[in-house]
Each structure stands twice: as structure tokens, then as C-alpha cells.
Amino acid sequence: MLSAIQIIKTIILIITGSCGLILNSWIVAVHLSHWKKGVSLGDCDQIILIKGVTNVLLQCLVTFNGILINFQLNDYFDKEFLYVTNIVFFFLTSLWNWLTAWLAICYCFRLGNISHRVFIGLKKRISSGITQLLLGTVVVLGMISIPYFWTTHIKAKQNTTSTSVFEQDIKYLYFMTAFCCCLPTLITSLCMGLSLKSLLKHVHRMKQNHSQSWSGKMKTHARACMTIFLLMALNLFFFLMIFISVISTNILSLWDIFFWSIIMASPSGQALILLFGNSKLRSDLLKTCF
């Protein structure tokens, strides 16, 4: 007999899983259809495409893990299988953060007016080699995630319905946190700061010229800044919820459901931010709906 909390979590799993898969699959389908028609995808479009694929995989994984936890099915699977699911989770969430950082860099290069030659050189290299950059990111993060196998062990867990718990090597955990969470977040913050600085300069010029209307470029600039800010905030909130869920042993039922909902709905949240922050995706969505 399912408890009330299990029933609520099951409903959350169904809603978030369906929404996350539909929205992110739609983002992937739109970009692939454009590419099939011969439309070349820009650097930001390629990153959003890979982000959509990552979100689809992450939504499937968190939903599957949610089912295992909610119905207490972990002990029915071999520890090697659980190792693999954790490795894939680390890899996808790390890729999640780095894709946000690359998107912030591309937006900054596209909208920022920095004339320094180092900035211009980086802009040309990233714009011409975005495919190689994304492929290199996937390879490096994959290599970093593999040592999870020999840095993690399982111990018996007392006084719970589950008989085992994963214990992670603290040095490896610090490294993963620094490289896969802190570093891309720092890069994203710096790029967002430069973009905001450029936007404020445009607003200042507009006030000096006594202009009250925002140009299309300024609206695009403001939307890009808001998109990066929301993506970064969602990433941090997602990891904060996971951290609290891991370290807390006695969580009240309502808070447990709240943390559960945030974790399960994060891929859907990313899809919504990308849909309404990207003019192409937004126009295609409106055409499809209306």
C-alpha cells in the first residue's frame, strides 16, 4: 500500500517527466529540422541543441532514479548498475553546467562591445570551432567521470529501509565540485557581468539621446542576460537541493516533497527558459500552438 507521500511523488514524477521529455524533445526536433532544411546552426544554436539532448537524457535519468527511490527498488539492482547510473548523472549534470558557461560566453561575444584583441581572438576561435569545443567538453567530462568507479564504495546503512549507501572519496568529490560546478558557474557569472555592463552602456547612451524606445538589439541583449541569469540560478538551485537532500537525514515531509519537485522539474525548467529566451524557438512555438 502506497503512502500519501509516495502517491504525491508519483504524481510529480508523471508530470515533470512528461513535461521535461516533451519540451526538450521539441527543442531538439526544431533544431534538427532546421539543420535538415539546410539552415546552418550558429554557435548558440548548436549549444542549445546539445543542451536539449542533455536535458532529455537527464530527465530520463532523474525520473528513473526517482522511481527507484520512491518505491525503494535500489536493492533489486546490482551495485555495478547503480555505479553506472551515478556516473551518467555526474556526467550529465557537469555537462549541464559547462554548456551554460559556453552559452554565456557566446552571448557575451555576440552582444558585448569589448575591443581588446584577446577578446576578439577568442571570439573568432570559438565561433569557428564551436563543434570541436563541444566535442572536447564531452570527452573531458567523460574522462573525469570514469574514476567514480574506484573512488566510491558501498557501506551498509543502518536504521533505514535501504541496506546500502554510496560513500564518495572526499578529494575526488572536491575536485568534481570545483571543476564541474564552481568553475563553469564562475565563468557564467563573469560573462553575464560583461553582458550586463554592455547593456547598461546602451541604456546610458539611450538616456543621453533622450530616447525612450528600446531597439531590437537592446531587447535581444536584455533577453540574453535574463536567460543566462535564470539558467545559472536554476543550476545552482538544482545542486543546492541535491546537496541538502544528501546531507539531511531528518527532512520534514513537506520539505522533502519540495526538494523532490525541484530536482525532478529542473530539466523542464531549463527547457522553458530556453524556449522563451530564444526568439527562434519562441516564434516556432507560437506558430505550432496557434
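Cys44, Asp45, Tyr107, Arg110, Leu111, Thr220, Arg223, Ala224, Gly277, Asn278, Ser279 and Lys280 form the lining of the second largest pocket in this predicted model. The volume of this pocket is about 240 Å³, and its lining residues divide into four nonpolar, four polar and four charged. At least two lining residues come from each of the helices α2 (43-70), α3 (79-111), α8 (216-247) and α10 (279-289).

Two of these helices can be set beside the UniProt record, an unreviewed entry, which lists residues 48-69 and 81-109 among its transmembrane regions. The span 48-69 is 100% helix, with its end C-alpha atoms 30 Å apart, while the span 81-109 is also 100% helix and has its end C-alpha atoms 42 Å apart.

We can now turn from the pocket to the enclosed spaces, of which there are two with a volume of 30 Å³ or more. The largest cavity, at about 50 Å³, is lined by Ala104, Tyr107, Leu111, Cys191, Met192, Ser195, Ala224, Cys225 and Ile228. Two or more of these residues are given by each of α3, α7 (170-208) and α8, and the lining consists of eight nonpolar residues, one polar residue and no charged residue.

The second largest cavity holds about 30 Å³ of space, and the residues around it are Asn97, Thr100, Pro184, Thr185, Thr188, Met232 and Asn235. Here too α3, α7 and α8 each give two or more residues to the lining, with α7 giving the most, namely three. Of the residues that line this second largest cavity, two are nonpolar, five are polar and none is charged.

Note on methods: Residues are numbered from 1 along each chain as its sequence is written. This is a predicted model: local features need pLDDT of at least 70, side-chain atom pairs count only at pLDDT 80 or more; totals for chains, interfaces and linings use all residues. Side-chain values use heavy atoms; hydrogens and water are left out. UniProt positions are given in the numbering used here, feature names are shortened, and annotations may be inferred rather than shown by experiment. Helices (H or I, at least four residues) and strands (E, at least two) are DSSP runs, numbered from the N terminus. On a 1 Å grid over the protein atoms alone, a cavity is a set of points where a 1.4 Å probe fits but cannot get out, and a pocket is an open set with protein on both sides within 12 Å along at least five of seven lines; lining residues have an atom within 4 Å of a point. Grid points are joined across faces, edges and corners, and a volume is the space filled by probe spheres set on the points. Ala, Val, Leu, Ile, Met, Phe, Trp, Tyr, Cys and Pro count as nonpolar, Asp, Glu, Lys and Arg as charged, and the others, Gly among them, as polar.
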